[in-house]
Amino acid sequence: MATVVPPENATIIRPAAFYISGLSNMPHTKYYYMFLCFVYAVSVLGNSCIIGTIYLARTLHTAKYIAVFNLALSDLCGSSALIPKYADMFLLENQYISYKDCLTSMFFIFLFITILQSFTLLALCFDRVIAICFPLRYHAIVTKTTMTLIIGILWVISVTINCVTLALIDRLSFCRSTTVDSYFCDHGPVIKLACNDNNPNYMMADTCIILVLCIPLVLIALSYVCIGFALLKISHGADRIKAMKTCTSHLILVAMFYLPVFSVYMLTLTTTVHINTRIFNSVLTQAIPPMLNPIIYSLKTEEVLQSIKVLYKRIKVNFPKENPVKIWLTNINRQSVPCFSYSLMSVYEIRTFICLAGIYLNKHILKKFLYTV
C-alpha cells in the first residue's frame, strides 16, 4: 500500500515496499546463493584477519596500512550489507523490502562496495607514486597524519555523494510498478520506476560514474605512467624489479575492481542484456573482489605475511600446547563438582569456555593456513 506524502509534497507517492525480482526462471539458483554465502564467509574471515593483523602488529602501524585497513573495512562492511540480505531474500523467498530499508541498503552498498573502494585504491596509488618517484621524501610526505586526513576527506566526499543521490530518490513518486529488476535496491532499476521527472537522478548517476570511477581510474593510470618513467631511470635491474614488486598487489586490486565494473557498464550501454545475465555479472563483480583482496594482500605483501607469522608465534608462546578446553574441564572435575552442575554453569564459566574454545579453534585454523603458505 502506497503512502501519500501530505500537503506541501502531495504529489509524491512512496510505496510501502519494493519487490526485488532477482534471477528469474533459472534452475538450481539455490546452489548459486549458497556459493555466495561461502564467498561471504571467506570475505569476513579474510578481511577480519587483515584488520586484526594491522591492529595488533606494530610494524604495520604506518601510513600505507591506514589505507589498507580502510580497504579491508570497506570490503567487510560492503559484503555484510549485500550478501546476507541477498541470501535471506532468495533462499527464504522473502523478496519484499520496505521503502526505508531499500534506501538504507542502497546507501551502504554503494558507499562501501563502490565509492570507498574506488577512492581507497586511489589513496594507495598516491602512496606508491611518492614511494617510487620521490623515495627520499617519502617519509616526510606520506605520514600517518597525512594519510588519515586523506582517508577522512574521502569518507566525507563519499557520504556526501551518497546523501545527495538518496535525497534525489526521495523526491520521486512511485505510482505504478514496485518491482525492482535487480538483486538489491539498485539505483538504476529503482529510479526507472518513478512516474515523475527523474532526469536529475540520471544526471546524478552520470556524475557519480565520472567522480567515483572515471576520475580515480584516470589518476591511477597517470600515476603509473609516472611510476614507469621513474623505474626507467633506475640503473640496476634488481632495484627496478624490487620497486615493481611493491606495486603488484595494488595493480591486481585495481584490475579486479575496475575491469569488471566497466565491463558491466559497457555491456549494459552497448547491448540489450538479459536481466539474469546482468544480475549474475553484477553480483560477482561486487562479491568476489572483497573476498580476494585480503588473500592478495596476505600472499603478495611480505610485510603482512611476516606479521601474521609473528602474531602466530606470539600466540603459540602465550598459550599452552594442550587443548585449553580439556584443561578447563579437568580443573572443574578436580573441584568435585557434581555432574548436574554442568547444566547449571554460571554465566562466567560459560563465557570462559566459549573464549577458550574460540582461541583453540582459531589457533589451529591459522596454523593450517601458515603451513599451506
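**Exercise 1. Place Asp88 in its helix, and decide whether Asp88 is buried, partly exposed or exposed.**

Asp88 sits in helix α2, which covers residues 63-91; helices here are DSSP runs of H or I with at least four residues, strands are E runs of at least two, and both are numbered from the N terminus. The model is predicted, so that local features need pLDDT of at least 70 and side-chain atom pairs count only at pLDDT 80 or more, while totals for chains, interfaces and linings use all residues. Residues are numbered from 1 along each chain as its sequence is written, and side-chain values use heavy atoms, with hydrogens and water left out.

The next step is accessibility: Asp88 counts as partly exposed because its relative accessibility is 25%, given that buried means under 20% relative accessible area, exposed over 50%, and partly exposed in between (1.4 Å probe, protein chains only). Leaving aside neighbours within four places in sequence, Asp88 is in contact (heavy atoms within 4.5 Å) with Glu93 and Asn94. Finally, the C-alpha atom of Asp88 is separated by 9.4 Å from that of Tyr33, although the two residues are 55 apart along the chain.

**Exercise 2. Describe the surroundings of Ser43.**

Ser43 belongs to helix α1, residues 29-56, and it is buried because its relative accessible area is 0%. A polar atom of the Ser43 side chain lies 2.8 Å from the backbone oxygen of Val39. Beyond neighbours within four places in sequence, Ser43 is in contact with Ser48, Ser79, Ala287, Pro290 and Met291.

**Exercise 3. Determine how helix α7 packs against helix α8.**

Two packed helices are described by the angle between their axes and the distance between the axes. For α7 (residues 199-232) and α8 (residues 237-270), the angle is about 155° and the axes are 11 Å apart, where axes are lines fitted to C-alpha atoms over the stretch in contact and angles run from 0 to 180 degrees between N-to-C directions. That angle makes α7 roughly antiparallel to α8, because angles over 145 degrees count as roughly antiparallel, under 35 as roughly parallel, 65 to 115 as roughly perpendicular and the rest as oblique.

The residues making the contact include Ile209, Val212 and Leu213 of α7 and Arg240, Ala243 and Met244 of α8. By class, the contact residues divide into 21 nonpolar, one polar and one charged, where Ala, Val, Leu, Ile, Met, Phe, Trp, Tyr, Cys and Pro count as nonpolar, Asp, Glu, Lys and Arg as charged, and the others, Gly among them, as polar.

Note on methods: A polar contact is a pair of N or O atoms within 3.5 Å; within protein, one must be able to donate a hydrogen and the other to accept it, and residues adjacent in sequence count only if both atoms are side-chain atoms.
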